Protein chains: 2
Amino acid sequence: MSNNEIPYKIYLEESEMPKAWYNMRADMKNKPAPLLNPGTLKPMTLEEMSVVFCEELAKQELDDQTRFFEIPEEIKSFYRMYRPSPLVRAYCLEEKLGTPAHIYYKFEGNNTSGSHKLNSAIAQAYYAKKQGLKGVTTETGAGQWGTALSMACSYLGLDCKVYMVKCSYEQKPFRREVMRTYGASVTPSPSETTNVGRKILAEHPGTTGSLGCAISEAVEVAVGTEGYKYVLGSVLNQVLLHQSVIGLETKAALDKYGIKADIVIGCAGGGSNLGGLIAPFMGEKLRGEADYRIIAVEPKSCPSFTRGKYAYDFCDTGMVCPLAKMYTLGSDFIPAPNHAGGLRYHGMSSTLSQLYDDGLMEATSVEQTEVFKAAEYFARVEGILPAPESSHAIKVAIDEALKCKETGEAKNIVFGLTGTGYFDMYAYEAFNDGKMSDYIPSDEEIAKSLEKLPKV
Amino acid sequence: MSNNEIPYKIYLEESEMPKAWYNMRADMKNKPAPLLNPGTLKPMTLEEMSVVFCEELAKQELDDQTRFFEIPEEIKSFYRMYRPSPLVRAYCLEEKLGTPAHIYYKFEGNNTSGSHKLNSAIAQAYYAKKQGLKGVTTETGAGQWGTALSMACSYLGLDCKVYMVKCSYEQKPFRREVMRTYGASVTPSPSETTNVGRKILAEHPGTTGSLGCAISEAVEVAVGTEGYKYVLGSVLNQVLLHQSVIGLETKAALDKYGIKADIVIGCAGGGSNLGGLIAPFMGEKLRGEADYRIIAVEPKSCPSFTRGKYAYDFCDTGMVCPLAKMYTLGSDFIPAPNHAGGLRYHGMSSTLSQLYDDGLMEATSVEQTEVFKAAEYFARVEGILPAPESSHAIKVAIDEALKCKETGEAKNIVFGLTGTGYFDMYAYEAFNDGKMSDYIPSDEEIAKSLEKLPKV
């Protein structure tokens, strides 16, 4: 079929939606390194994992052999409320850029949580419910994950306790209220409700919190409360597994119109969106069936792929979680307060780290002001107001399309538009007022933080 | 086809999208009363209308004979960026309510403006551009219309000057920033930029503004600036015409699956959404081809249909605009500061007013706290966080579905979900904190305001 007949938005029929999640690890020759018990430095066992996580999720976390995991019927029902998400042909953007490239984006923002996070939230809530739990605990920074989890728990009738980094709790009251509207309890972290919270408050009375501290509080409550487990929205293998629904739908929509992607681009924080988007493309690449350029885009202020080290590190600043081998800037690394909250993580998914180390994907980093320039340009042309995180992918997609303009190549560029920017208007305001700046950490800063990597 | 085979979301193919807007007035035996020149009290002529409005739009405003207006190609292109909107089968809501009714909602919130307003914004901006104008002016209260118009103007390269009621400008900084991101200039009203603004500021130095004042400022700037016209997001016949795309898509989606609606429900402020949603259903009713129950839902705090008078009245508090015959509470009526900003208008579309007066549709009013109860219930079950305005329709749809539960009838209930509530979280917060109250105006209050109706 000629590209001219491609609609603005390709929607799959509900019958064409993925029936199973795809586990990239099954096709990797070099498997991602296992999580290590921080006490013994030995690979985490299912039993150890199950203290903190739901059992089924712990199994998914450890399983690097099973290629497909069937999506349970109840999750498929929930998916049908907001999925399939559209694969949009960016005709207007192409025309404005004057590029011969064909640009497609998978838009994951058309649900109330405003991002792709819901894909894994409903899966994790489902397995918690199936295990007979009363509820789950989690942390949230920018708030997208907390919102998604609140929605999923509300749907299944599970309790949801969210520890929200205090500065976000205060600066993003709308996010907080969305979570409350979905029945979640939202506690600013650090709080008086946990030992670790009380300890931190005693030591740093005025602190506005950190993701590391919020994780520690959420884990403490999960481990100490009958009928509760802890869930996490990124980094983990299980999350990438659930998020593969993004890539599977994208690939199916392209296949339906006989389109072969040349470049696949996604933003990368902990890796949940990127790992999901690229999954089936990387699968073909791993099996030698096709080749794709796959590009991870990260902020210059938090460049774990492009300037980090591939090593075992702590996943949280509190150092209570298992160690993961990943591209990391060191768990002590404090990213500048840029506006892409979802990309401010010192490390990166172990699976993606291994793929990157094996040369199977590229990574690049971009400056915040350039990202917002691209975001505003995109919004005005394509209508959608993108999240700052997503706009990292937009920036690089535009750059690649402009390269095609120079070379005259009609490449098919696919990128992930992970979410909307409705709750990021302070960031847009700073940009509109010319008050946004860039921050690039010095080599010394990164080296200092990497000095504290654990000796494994 | 059996109802069991109906997908969660019915999407039309792009080829099935409406090619023309439907003008209900063409099928009305009793035509809506004409707008009157406030000076002469005679029907407004095309020439008089064209001082303020674009000529093509003024023609549409006056034309009660032409049944279909072809949608220009450029507008259809823009529509394809966010339309067709889904007609959602509310399976989860039905199950939760335990009703035999089948509930469908047309979801218009899946675009950055967050509401149906974009359907008319792009049309009005298109005709302004076609007339060779430099830009348009408008007012906005809650901000949905201003956001939609900013997006449309940005797409077409038109300048957009928005006068935003000062209290909204200050209380809804996010809305303001979305408009600025789309390149609009947003001025808090009253302002020093107009005669009427300066006059009001001199008389009432601390005023936080009103919609009536913002209209007057926007009209003054349009009339006084070369290359500018004024545009309006509701009430007018032209707006209902453009919004008919909502109803036409809804009807096409139902027809595709052989579903006959029994009840069609929409919220009503000025009438833009309701008039658009019901258009093709009302058309069949007017032509005697089918029957439908059609229900307008308004807030008890601003009950123009249910407690107003059908009479000529001023459209704005400044009394500079033409007189319209409509159900009105009087242009002096100040609705309580409830949270459904889009429904706080003292009057109602002339077309809908005539249809209501002819007994072709019903109207009902609901209390704010009941509306938010329904909104939260809906959000938790169906996932989407609804706008307060839209939630008026949700409340009545749920009530009708519960009646079906009592009678055992499997009625098909269709309602309009006009937008999302992302920018209404202060309202949800008030509800979540138990601090929301209801307000019902007294008979005396309404009678007093109606005393000032113009003598026509």
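# Exercises on a predicted two-chain model

A:Pro84 sits in the loop that runs between helix 3 and strand 4 of chain A. The model is predicted, and the exercises below start from this loop.

## Exercise 1. The loop at A:Pro84 and its flanks

Task: Describe the peptide bond that leads into A:Pro84, then the burial of helix 3 and the surroundings of A:Arg89.

Solution.

Step 1. Take the bond first. The peptide bond from A:Arg83 to A:Pro84 is cis, and its omega is near -5°. Most peptide bonds are trans.

Step 2. Look at chain B. B:Pro84 is placed in the loop between helix 3 and strand 4 (87-89) of chain B. The bond from B:Arg83 to B:Pro84 is cis, with omega near -10°.

Step 3. Go back to helix 3 of chain A, residues 73-82. Eight of its ten residues are buried, so the helix is mostly covered. Among them are A:Lys76, A:Phe78, A:Arg80 and A:Tyr82.

Step 4. Move on to strand 4 of chain A (residues 87-89), where A:Arg89 is found. A:Arg89 has a relative accessible area of 4% and is therefore buried, the cut-off being under 20%. Its side chain makes a polar contact of 2.6 Å with the side chain of A:Glu94. Another polar contact, of 3.5 Å, joins the side chains of A:Arg89 and A:His102.

## Exercise 2. The two sides of helix 9

Task: Which residues of helix 9 of chain A are buried, and why do they line one face of the helix?

Solution.

Step 1. List the buried residues. In helix 9 (residues 195-203) of chain A they are A:Gly197, A:Ile200 and A:Leu201.

Step 2. Look down the axis. The buried residues of helix 9 of chain A fall within an arc of 100°, so they line one face of the helix.

Step 3. Turn to the face directed away from the buried side. Exposed residues there are A:Asn195, A:Lys199 and A:Ala202.

Step 4. Find the packing partners. The buried residues of helix 9 pack against helix 7 (166-171) and helix 10 (211-224) of chain A.

Step 5. Check the N-terminal end. A:Thr194 caps helix 9 of chain A there, with a side-chain oxygen 2.8 Å from the backbone nitrogen of A:Gly197.

## Exercise 3. Positive phi values

Task: A:Leu41 and A:Val235 have positive phi values. Where does each lie, and is each buried or partly exposed?

Solution.

Step 1. Recall the background. Most residues other than glycine have a negative phi.

Step 2. Take A:Leu41. Its phi is near 60°, and its place is the loop between strand 2 (20-22) and helix 1 (46-52) of chain A. At 35% relative accessibility, A:Leu41 counts as partly exposed.

Step 3. Take A:Val235. Its phi is about 65°, and its place is the loop between strand 9 (228-230) and helix 11 (237-256) of chain A. At 13% relative accessibility, A:Val235 counts as buried.

## Exercise 4. Salt bridges within chain B

Task: Locate the partners of B:Lys76, B:Glu284 and B:Asp291.

Solution.

Step 1. B:Lys76 pairs with B:Glu73, with closest N and O atoms 3.6 Å apart. The two are three residues apart in helix 3 of chain B, which means a separation of about one helical turn. B:Lys76 is buried at 16% relative accessible area.

Step 2. B:Glu284 and B:Lys251 meet in a salt bridge of 3.0 Å, N to O. B:Glu284 belongs to helix 12 (residues 272-286) and B:Lys251 to helix 11 (residues 237-256) of chain B, so the pair ties together parts 33 residues apart in sequence. Both B:Glu284 and B:Lys251 are buried.

Step 3. B:Asp291 forms a salt bridge with B:Lys285, at 3.7 Å between the closest N and O atoms. B:Asp291 is exposed at 54% relative accessible area, whereas B:Lys285 is buried at 17%.

## Exercise 5. The interface of chain B and chain A

Task: How many residues of each chain are in contact, and what does chain B contribute?

Solution.

Step 1. Count the contacts. 44 residues of chain B touch 44 residues of chain A. Between them the chains bury about 4100 Å², 55% of it on carbon and sulfur atoms.

Step 2. Count the polar pairs. Chain B and chain A share four salt bridges, and B:Arg176 with A:Glu429 forms a salt bridge at 3.0 Å, N to O. Across the interface, 33 residue pairs are in polar contact.

Step 3. Assign the chain B side. Elements giving two or more residues include helix 3 (73-82), helix 6 (144-156) and helix 8 (173-181) of chain B. Helix 8 gives the largest share, six residues. The chain B side divides into 21 nonpolar, ten polar and 13 charged residues.

Note on methods. Residues numbered from 1 in each chain as written. Chains lettered and ligands numbered in written order. Predicted model: local features only at pLDDT ≥ 70, side-chain atom pairs only at ≥ 80, totals over all residues. Heavy atoms only, no water. Buried < 20%, exposed > 50% of the residue type's maximum accessible area, 1.4 Å probe, protein only. Helix = DSSP H or I, 4+ residues; strand = E, 2+ residues; numbered from the N terminus. Arc of directions from axis to C-beta. Contact = heavy atoms within 4.5 Å. Polar contact = N/O pair within 3.5 Å; in protein donor to acceptor, adjacent residues only side chain to side chain. Buried area = accessible area lost by both parts, 1.4 Å probe. Salt bridge = Lys/Arg side-chain N within 4 Å of Asp/Glu carboxyl O. Nonpolar A, V, L, I, M, F, W, Y, C, P; charged D, E, K, R; others polar.
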